[in-house]
Structures are given as C-alpha cells and as structure tokens.
Amino acid sequence: MVATLQLNDVGVRYGKVEVLSGITTPALKGGEVTAVIGPNAAGKSSLFRRIAGLLGGPGDVSIDGIPGSPKQSASRICYMPQDTSVNTVLTVYESVLLARKQGADPRVSDADLEAVDEALGALSIESIAFKGLSELSGGQRQLVSLAQTLVRDPEILLLDEPTSALDLHRQVEVLSLIQNLARVRQICVVLAIHDLNQVLRVADRVMVIDAGTMVRCGPAEAVITPDLLREIYKVEGRIERCSRLCCQVIIDGPVVHQA
Amino acid sequence: MAHSASIAVQSGRGVYRALVFRKKLVLLAFAIVLVLSVIADLGLGPARYSMREVVLALAGSPEISNQVSVVIWDIRMPVALMAVVVGAALSAAGAQMQTILNNPLASPFTLGISAAASFGASLALVFGVGILPFAIEYVVSINALLMAMAAALFIHLMSQKRGVTVETIVLLGITLVFTFNALLALVQFLASEQALAAVVFWTMGSLTRATWPKLAITTLIVVVALPLFFRRAWALTALRLGEDKAASFGVNVRRVRLETMLVVSVLAAVPVAFVGTIGFVGLVGPHIARMVIGEDQRFFLPASALSGAAMLSLTSVISKSLIPGSIIPIGIITALVGVPFLFSLIMTNRRRAW
C-alpha cells in the first residue's frame, strides 16, 4: 500500500514561543516529491522534527489518514536531519548498518549487509565505505546520511536540506535519484531545499513556509512566481522556461524600495 | 558494468566481515594480556613467585606448599581480581558516560563523581557521619556511593536542560571537582591527625582494601550492568552520531540516556566506594578501546571493559614492582602511567580518533 502523509493544523512551541502554527496540507502521496521552501529560520526544520515525532505540539500528523503517535510514525517515517559533523570512530559502512539495526538483536544478518551494500551502491559511494566518518567532506557526509535513510526502506522520507553541501553535479544526481526512488518505490518524499531551480526541476508540489506559517502550497510552477520571490525572498526575478523540461528562476537583484 | 558493481557489492560485505573478525581478535588479545597480567600480579608481593608456581597453585597442584597456596588464593587473589573488576567497571562507566554525554572528556574522575565519593567517605572517616543510619561496617563505602550517585544524577539532570552543550557539561564537571575538593579540604582541615591520615590514604585509592565480599558486590554490579548496556548496543552507538540522528533512527534518546546514566552512576560509584579514588582508568580505558576497535558498541563496550581491567591489573603489577617490599597506592600509579600513555596514543593516532 502506498503511504500518504497529511498535516492538520500542526504547530510547534518551544516553551511559550510558538515557532510554527496552523500548518495544514493536502494528502501527500507516495510517489510524489514535495519541496518545503522558505527563508532561513522560517520553521522548516522544526516542521520536519515535528512530523518525525521528535517534537510535540498541537495538530495531527496523519499517516494513511490516521493520526499517529510519535512512536508509530517513527517506524514508517525516515528523517534525515541537517548535516552535522561527528567525531565518532565509525566507518561509513558501520554507520549505515547502524541505521538499519535499531532493534534489540545485536546480530547482523546477510540481509542486513545486502541492504547496506545496496544503499551505498545506489549513491555510488562504495569507494568510501571503509573510511572513517570524521574523515569525510561535508558532501560525502550528506551522501552517507542519505544512505542511512535509504537502508531503512522508508515509506515516508523527510530530507532536511539533503544537498546543501554537494557540488552541482552531485546535487543534480542525488535529486534525480530521490525523484526516481519516489517514483519507483512509491515513497512519499518531503524535502527542504533552498535552490529554487532544483525545486522546479524535481518537485511535484511546493510548500512555502515563512515566519512559522504556511503561506502557499501547490504545484511548483504555480507557486514559484515573481510575486513569491518579491514577498518572501525580497528579490526581483522572473521565471523562464529554459528547456522543454522545466522552468528556471532568473534573479535580477534585491527589491529596491522607492522613496 | 553490472558485473564490476556486483564485485564491489560482494567486497563491501567481505571487507566488513573481515573487519569484524579482526575486532574479535583484538578482544582476544586484550583478554590474553589481562590473564597474563593477573598471573604476574598474583606472583608479586613481599614473597615473589614465578609464573609457573602461580599457575600450579591456581590449578591446585600438590607440588605447591600449603603456605604458597594460602598467600596466592586468600591474600593476593581478592586484590588481583579487584583490580580486574574495578578496572572493567570504571572503564565501562567512562565509556558510557562519553557515549551518552557525547563527550570524549567524560569519565567518573573528570566529571567530579570520584571527588564526590571522596567527600562522602571523608564525612564518615572524620566525623563518623553516615548518610544511611544502618550498615555501620560499610559506612565509608555507602557514604561514598550515595555522594557519587548524587553527583552523577546531578550531571545527568543538568545535561537534559535546553541549551546545555557538550562544553557546558565538562565545565559543570570541573566545577563539581573543585567544589567537592574544597569540601574535602575543609573536612581535612577540621579532622584530627589520625582521621586526616585515614582520609588522605583513602583518597589515594588502594586495592589492598579488597575483600571477598567487596569483590563479590563489585563483580555482581559489573555482571549485571554490562549486559544491560550490550542490549542497547545499537542505540548507544547511534547516540554518538548526535541526538537528532539517533532519534531519527528511532532511538528513544531521553530514555536510553536516563537508564544508562542510572546504571553508570552505580557502576562508577561502587568501585570508588570500595577502593577509593582511582583516576584515569575511566578516561583512558575507553580511549584505548576506541582507538583500536572503533565505536561499534558491540565491540567497543567489551574492549573498554577489558582494556580498563588490563590497565588496572598492569598498574597493580607496577605498583608492587617499583619499590620492592612495598605497594604504592594504585591511584597514584594510574595517573602517573595512564596520562603519558594516553598522550602518546593521542599523538600517534590523532587522525583516526578525532
């Protein structure tokens, strides 16, 4: 069965400070890629942590139409936090295996190792499999984090800025892979990303978060408009169809305030 | 292309299995060093016995005189085994403190747990004040235990507060060390000459206080605690990838931390309560394990326990060998030997471990 994710009036509070409120979405279906965009500190990461069950708050996060407890959702939702460096003495291979083995059983089966090999292969990072995590570059760390999510056979995949440290080639490659995985394995993918051109290339739907609320939600080409650039990002720009495949954002410069 | 990919896939699995095998060999090597060290430890003392004599005595051979057998079994064995068990307990406790606080500087010694125990013990030694009104013969140990547990839980509660970073915890530990050392100094200032000598000797840490009942209690704690950690091996390993990452893997971070800290506080406090302050084993043991075996807890945990046990046992051997006929308190030797050893390891291995 294809999983669907739906948010109903979801919010997040840190103490008395409300950082996110009233987020309601249509059903996000398996096979689709939804991009969450917005300025820095808009509340995107808090939203992801809330959906993943790491934060509590008002509203319902429903999977397949049923509001789930954080524990239930943890088994079906796979969340990749923003990249942070680690100083732990583990190899890439061990860390991906670790992501798969979150039960009481310390034994490792052939199926586990097969899944690890497959995840590393999908991202073409077999060559760094036995490097230490602390020796990796930022981009390599992001690829390893992605492998850690893929190895868990996710139904719903939340990726918080998965390509922020990757070079252009890797960005295009990884986002295509994510799009492909969504289609082939019918995974519901939600990703936070800043590059609007990449959003236009891969996302089926775009959610715009600004100052803790969702200001727009809809098909990418309908949401990313010159008005949005002006209102949310305070830049002048236009959207042009650059090839038969997709549109492209062209930025002219910051909004000039006339006296 | 597909063929070469399948070879790469095969070799990934193969390399991993080979590495696991290597880690098991390292554990075996630690165990062998430990056994040899214990045999050497049993042979050393005012009367020296060869390795052969010790082994024959252990095997109950009729070749060995009754007197030698009594010395080895009744006098030296509890001390030698106490070194093993205390070393394992402190090192495993240090390893898990470093894991749950995600901080390579954490250990019972650096976070003030040992200092708290010393203060607790000094209250009993100087004023005869027991925190619990019963078990008078264990009043020193119980005071030390309760004070150490209180310090461990305080550190844990503080680490749960929002905005508390890894650096804050270390600073907090240092403030605890200073606070309890100041309190200890105050107690020493007020103490009679005789009580002062007792406190000073207690804080040095000495295995000669080992008795069979103390050994049995400490062993029991270790035997119960290690499987509890082992059961959570994957979750504990995941904690070192950061709280968010661990939680995203499905680890209940708060619960694992609290349960582990509770077990760690007992594991760190009991040895200190029985044998006094023994520094650096809890810090150095896990680092040695980390450097040679990595941080997969399925191997890191036994390696930490074994390296701590071997380190303290070898230190016991050294403490008997330096001045023939006398035993230097082991707490002095662990710091003197442990620190340069750790320093040399860091300088030769720094790329891999940090």
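Here are two short exercises, with worked solutions, on contacts in this predicted model.

**Exercise 1.** Work out which elements of domain 1 of chain A touch domain 2 of chain A, and which of them gives the most residues.

*Solution.*
Step 1: Start with the split. Chain A has domain 1 at 4-224 and domain 2 at 226-259. Their C-alpha centres sit 27 Å apart.

Step 2: Look for residue pairs whose C-beta atoms, placed from the backbone, lie within 7 Å. That picks out 12 residues of domain 1 of chain A and eight residues of domain 2 of chain A.

Step 3: Sort the domain 1 side by element. Helix 7 (196-202), strand 11 (205-210) and helix 8 (220-223) of chain A each give two or more residues. Helix 7 of chain A comes out on top, with four.

Step 4: Check the chemistry. This side of domain 1 of chain A holds six nonpolar, two polar and four charged residues.

**Exercise 2.** Now go between the chains: find which helix of chain B gives the most to the side that touches chain A, and sort that side by class.

*Solution.*
Step 1: Count both sides. Chain B puts in 32 residues and chain A puts in 31.

Step 2: List the chain B elements that supply at least two residues. They are helix 1 (2-43), helix 8 (212-231), helix 9 (233-239), helix 10 (243-248) and helix 14 (330-353) of chain B.

Step 3: Pick the top giver. That's helix 1 of chain B, with seven residues.

Step 4: Sort by class. The side of chain B that touches chain A has 16 nonpolar, six polar and 10 charged residues.

Technical notes. Residues numbered from 1 in each chain as written. Chains lettered and ligands numbered in written order. Predicted model: local features only at pLDDT ≥ 70, side-chain atom pairs only at ≥ 80, totals over all residues. Domains from an automatic or database assignment. Contact = placed C-beta atoms within 7 Å. Nonpolar A, V, L, I, M, F, W, Y, C, P; charged D, E, K, R; others polar.
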